[in-house]
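Colleague: Hi! Could you pull up the model so we can go through a few spots together?

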Amino acid sequence: MLNQVLLAIVTCIVWQNRGFTHSKILTIAMAAYSFTCVTMAVINVFRFRKLQDPLVSAAKSVSLTSALVSMLSLETAMIAAFDENIDPVFRRAMTGFSGGAVCLIVLAQAIRMIVKSTGEIRNLQQGAIPHAQRSAE
């Protein structure tokens, strides 16, 4: 559901050829926030990748998705704030490619979570010991 809303937003930004407009100072603050979020999300993905807790996995996915959307928002804000003779075709291409990449990453995360949770549910229904409990024993 989130991916469909995100795709609609990206489509509107590309179609209308404009983004979020903020002052340059606010855009620089957004950059600091966005890069911090992405850095922490990536660190947490690698830090907790061996932990088989579905709740932590879902939290990591939401955190990474939030960071990627923040980067996409930052991109559109930077293009709008520092718009000095930027070609409209370049703006559309950049926003389209990066927005499409973010949507694909979010979709891949959702598919991975669905596949993984379906397997765990099948294991629980068949009475098998879940992977998280096997590694703890």
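Colleague: Is Leu104 buried or exposed?

Modeller: This is a predicted model, by the way. Leu104 comes out exposed, because its relative accessible area is 58% and the cut-off for exposed is over 50%.

Colleague: OK, and which helix does Leu104 lie in?

Modeller: Leu104 belongs to helix 4, which covers residues 88-125.

Colleague: Which residues make a nonpolar surface patch with Leu104?

Modeller: Leu107, Ile111 and Val115 join Leu104 there, and the patch has an area of about 390 Å². As background, an α-helix has 3.6 residues a turn, so residues three or four places apart point the same way.

Colleague: Nice. Switching over to Glu75: is that one buried or exposed?

Modeller: Glu75 is buried, since its relative accessible area is 15% and buried means under 20%. You'll find Glu75 in helix 3, residues 54-81.

Colleague: What is Glu75 in contact with, leaving aside its neighbours within four places in sequence?

Modeller: With those neighbours set aside, Glu75 has contacts to Met94, Thr95 and Ser98.

Colleague: And how far is Glu75 from Ala31 in space?

Modeller: C-alpha to C-alpha, they are 8.8 Å apart, with their positions 44 residues apart in sequence. Ala31 is one of the buried residues of helix 2, and that list also includes Met30 and Ser34.

Colleague: What do the buried residues of helix 2 pack against?

Modeller: They pack against helix 3.

Colleague: Last one: how does the span of helix 2 compare with what it should be?

Modeller: It agrees: helix 2 has 24 residues (24-47), so at 1.5 Å a residue it should span 34 Å, and its end C-alpha atoms are 34 Å apart.

Conventions
Residues numbered from 1 in each chain as written. Predicted model: local features only at pLDDT ≥ 70, side-chain atom pairs only at ≥ 80, totals over all residues. Heavy atoms only, no water. Patch = residues over 30% accessible without salt bridge, like charges linked within 9 Å, V, L, I, M, F, W, Y side chains within 5 Å. Areas by Shrake-Rupley, 256 points an atom, 1.4 Å probe, with all protein chains shown as cover. Salt bridge = Lys/Arg side-chain N within 4 Å of Asp/Glu carboxyl O. Helix = DSSP H or I, 4+ residues; strand = E, 2+ residues; numbered from the N terminus. Buried < 20%, exposed > 50% of the residue type's maximum accessible area, 1.4 Å probe, protein only. Contact = heavy atoms within 4.5 Å. Expected span 1.5 Å × (residues − 1).
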